[in-house]
There are 2 protein chains.
Amino acid sequence: MTIDKSFLTGNTTMLILRLLDEKDMYGYQMIEELRKKSNNVFELKAGTLYPLLHTLEKKNMVTSYEDIADNAKVRKYYSITKNGHNCLNEKREEWKTYIAAINEVLGGASFATD
Amino acid sequence: MTIDKSFLTGNTTMLILRLLDEKDMYGYQMIEELRKKSNNVFELKAGTLYPLLHTLEKKNMVTSYEDIADNAKVRKYYSITKNGHNCLNEKREEWKTYIAAINEVLGGASFATD
DNA sequence: CAATTATATATAGATAATCTATATATGTCA
DNA sequence: TGACATATATAGATTATCTATATATAATTG
């Protein structure tokens, strides 16, 4: 089954902030993590992610710094800010409300988790 | 709480087909139904819906006919086709897969903190 | 060893699904 | 009578994706 890519719209920021809420990561790593955690459902494109990270940095949701990864190579790491953490919590609440509404229309059971 | 409108992207077609899968409706009625069923979460705009209905008709997902509503006024009713019904079932499956993937990422072993 | 593929970051331009604004017409209510 | 709700419609703006392209290094493969 191929997932309608437009489902993703609006969730990318929430997902990225969620990853960074666990640990600092660099861009390419986020793409791989999302792919793995979602069982290949999310295949976020580099051309989507890097501009988004720059925007999140401008909005003070994340900060970046250069550091050396396990393989001794320099990578651009991102770290979530207090502001970004608060935004994540808001987005999670919105997401819960949203899927409850969808399920209300679809007439099915709720798939929401806390 | 204001819901991020971009969450809706990609779901509108599924929701409209779901409404029509229960009974024939006219455009304005769909907007009202979605608003009510979702407890005001969905406030679909006329400028979004009417062009979408025209597209769905071109794609043979729905058919339309003029009929007289309860209040004796002529309204443009839409009816789901077999094709539209099949599309709805596919979208529902995609939706399930998609939210399972989101919850996989969101649920990753942590609790929301402030 | 050369060619290809994977890793890694970045930007420009295209695409698609919404939105707002506007138009038109009728009906209702204060 | 003037504003607001119902009802349908289109044009143009906005926004979040995408693809294509660029660059550089590392790893793999023929």
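**Protein surfaces around DNA strands C and D**

In this predicted model, 73% of the atoms of DNA strand C that come within 4 Å of the protein belong to sugar or phosphate, and the rest belong to bases. The protein surroundings of DNA strand C consist of 18 residues, of which Tyr28(A), Tyr50(A), Arg75(A), Thr12(B) and Thr48(B) are the closest. When these surroundings are sorted by class, the surface near DNA strand C is found to hold 6 nonpolar, 9 polar and 3 charged residues.

The secondary structure elements that each supply at least two residues of the surface near DNA strand C are helix H2 (27–37), H3 and strand E3 (74–80) of chain A, together with H3 of chain B. Among the elements, H3(A) gives the most to this surface, with 5 residues.

Several contacts with phosphate oxygens of DNA strand C can be described individually. Arg75(A), which is among the closest residues to the strand, places a polar side-chain atom 3.0 Å from a phosphate oxygen of DNA strand C. In the case of His54(A), an N or O atom of the side chain is 3.1 Å from a phosphate oxygen of DNA strand C, whereas for Gly27(A) a backbone N or O atom lies 3.3 Å from a phosphate oxygen of that strand.

Attention now turns to DNA strand D. Around this strand there are 20 residues, and those that come nearest are Gly10(A), Thr12(A), Thr48(A), Tyr28(B) and Arg75(B). Of the atoms of DNA strand D that come within 4 Å of the protein, 73% are accounted for by sugar and phosphate. The residues of the surface near DNA strand D comprise 6 nonpolar, 10 polar and 4 charged ones.

Contacts with phosphate oxygens of DNA strand D are found in both chain A and chain B. Thr48(A), one of the residues that come nearest to the strand, has a polar side-chain atom 2.3 Å from a phosphate oxygen of DNA strand D. From chain B, a polar side-chain atom of Tyr26(B) lies 3.1 Å from a phosphate oxygen of DNA strand D, and an N or O atom in the side chain of Lys76(B) is 3.0 Å from a phosphate oxygen of the strand. Two or more residues of the surface near DNA strand D are given by each of helix H3 (46–58) of chain A and, in chain B, helix H2 (27–37), helix H3 (46–58) and strand E3 (74–80). The largest share of the surface near DNA strand D comes from H3(B), which contributes 5 residues.

Notes. Residues are numbered from 1 along each chain as its sequence is written. Chains are lettered from A and ligands numbered from 1 in the order in which they are written. This is a predicted model: local features need pLDDT of at least 70, side-chain atom pairs count only at pLDDT 80 or more; totals for chains, interfaces and linings use all residues. Side-chain values use heavy atoms; hydrogens and water are left out. A residue is near a molecule or strand if one of its heavy atoms lies within 4 Å of it. A polar contact is a pair of N or O atoms within 3.5 Å; within protein, one must be able to donate a hydrogen and the other to accept it, and residues adjacent in sequence count only if both atoms are side-chain atoms. Helices (H or I, at least four residues) and strands (E, at least two) are DSSP runs, numbered from the N terminus. Ala, Val, Leu, Ile, Met, Phe, Trp, Tyr, Cys and Pro count as nonpolar, Asp, Glu, Lys and Arg as charged, and the others, Gly among them, as polar.
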